[in-house]
Amino acid sequence: MKKLLYPSVIGCLLAIGAIAQTAGSKSAPKPQPAASVPALSSPVAGAAPSGGLVFGSGPGVHSPDSPFAPLKPRDDVVPWELLADVKTRGEKNRLLPVFKPAQTQLHQKTQRIQGFMMPLEPGERQTHFLLSAVPLTCAFCVPGGPESMVEVRSRTPVKPTNDPVVMEGRFLVLEDDAYGLYYRLTDAVPVK
């Protein structure tokens, strides 16, 4: 069971990339006009969701119907606005991230990330999970694209929670991750 759950979540990320890649082809359906997309709040302050985005792409949307409060702004964490501002480029049959200097400057440095936990394995304590800019709406759905998630490898096990958590560790910017992820936090510890 442990082996199947992790690839299925990451497999969703890879499928999202494949869907996004075909969205520009002539055979793909055209995106809906922005006027027909319901207005939802965005986790990125001042940003509105773009019309025509496939589910699971982009920075994610915090539903106004969510029972969980959005992340509170903090000055001591890397803002999701910075992490989500990533363009992509096609290379063969893949989409690869194109990072800005502000993102690459975070590489290999100690950083703090605030987000909602997405456990990758069953259990009361987690050492490997994703942090997301927005909370999950279902156990099998990714709330946004890879720019809205950070893979976390924790130094000590962390109890899963629906409340936001802040993790501190060595931050990695991933140019070409096998699972399609853009960011990883290693040797991480929870902070208040």
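This is a short talk on the strands, salt bridges and confidence of one predicted protein model.

I will begin with confidence. The mean pLDDT of the protein is 77, and 70% of its residues reach 70 or more. Two stretches need a caution. Residues 1–9 stay under 50 in pLDDT, and the model gives them twelve contacts beyond four places in sequence. Residues 13–55 are below 50 as well; that stretch has 54 contacts in the model beyond near neighbours in sequence. Where pLDDT is low, the predicted coordinates should not be read in detail. I will therefore not read those contacts in detail here.

Now to the strands, with E6 as the starting point. Strand E6 runs over residues 165–173. Is it mostly covered or mostly open? Mostly covered: of its nine residues, seven are buried.

E6 has a pairing with E3, which spans residues 109–119. The two are antiparallel, with seven bridges between them. For a place to look, find Ile-113, which stands opposite Met-167 in E6. E6 also pairs with E7, residues 183–191. That pairing is antiparallel too, over seven bridges. Here the residues to find are Phe-171 and, opposite, Leu-185 in E7.

Between E6 and E7 there is a loop, and Asp-177 lies in it. Is Asp-177 buried or exposed? Its relative accessible area is 16%, and under 20% counts as buried, so Asp-177 is buried. Its side chain makes a polar contact with the side chain of Arg-184, at 2.9 Å.

Arg-184 brings us to the salt bridges. How many does a search of the whole structure find? The count is eleven. I will go through three of them.

Arg-184 meets Glu-151 in a salt bridge, 2.5 Å from N to O. Arg-184 is in strand E7 and Glu-151 in strand E5, residues 149–158, so this pair ties together parts that are 33 residues apart in sequence. Both partners are buried: Arg-184 has a relative accessible area of 18%, and Glu-151 is at 1%. Arg-184 thus has two contacts in this talk, the polar contact with Asp-177 and the salt bridge with Glu-151.

The next one also joins E5 and E7. Arg-155 forms a salt bridge with Asp-187, with the closest N and O atoms 3.0 Å apart. Arg-155 sits in E5 and Asp-187 in E7, 32 residues apart. Arg-155 is exposed, at 52% relative accessibility, while Asp-187 is partly exposed, at 43%.

The last one starts in strand E3. Which residue does Arg-112 form a salt bridge with? The partner is Asp-76, and the closest N and O atoms are 2.8 Å apart. Arg-112 lies in E3, and Asp-76 in the loop between helix H1 (2–22) and helix H2 (80–84), so the pair ties together parts that are 36 residues apart in sequence. Both are partly exposed, Arg-112 at 25% and Asp-76 at 33%.

Arg-112 and Asp-76 also belong to a network. Salt bridges that share partners join Arg-74, Asp-76, Arg-112 and Glu-168.

To go over the main points again: E6 pairs with E3 and with E7, and seven of its nine residues are buried. Salt bridges link E5 and E7 through Arg-184 with Glu-151 and through Arg-155 with Asp-187. Residues 1–9 and residues 13–55 are the stretches to treat with care, because low-pLDDT coordinates should not be read in detail.

Terms used: Residues are numbered from 1 along each chain as its sequence is written. This is a predicted model: local features need pLDDT of at least 70, side-chain atom pairs count only at pLDDT 80 or more; totals for chains, interfaces and linings use all residues. Side-chain values use heavy atoms; hydrogens and water are left out. Buried means under 20% relative accessible area, exposed over 50%, partly exposed in between (1.4 Å probe, protein chains only). Helices (H or I, at least four residues) and strands (E, at least two) are DSSP runs, numbered from the N terminus. Two strands pair if DSSP finds at least two bridges between them. A polar contact is a pair of N or O atoms within 3.5 Å; within protein, one must be able to donate a hydrogen and the other to accept it, and residues adjacent in sequence count only if both atoms are side-chain atoms. A salt bridge is a side-chain nitrogen of Lys or Arg within 4 Å of a carboxyl oxygen of Asp or Glu. pLDDT is the predictor's confidence in each residue, from 0 to 100. Contact means heavy atoms within 4.5 Å.
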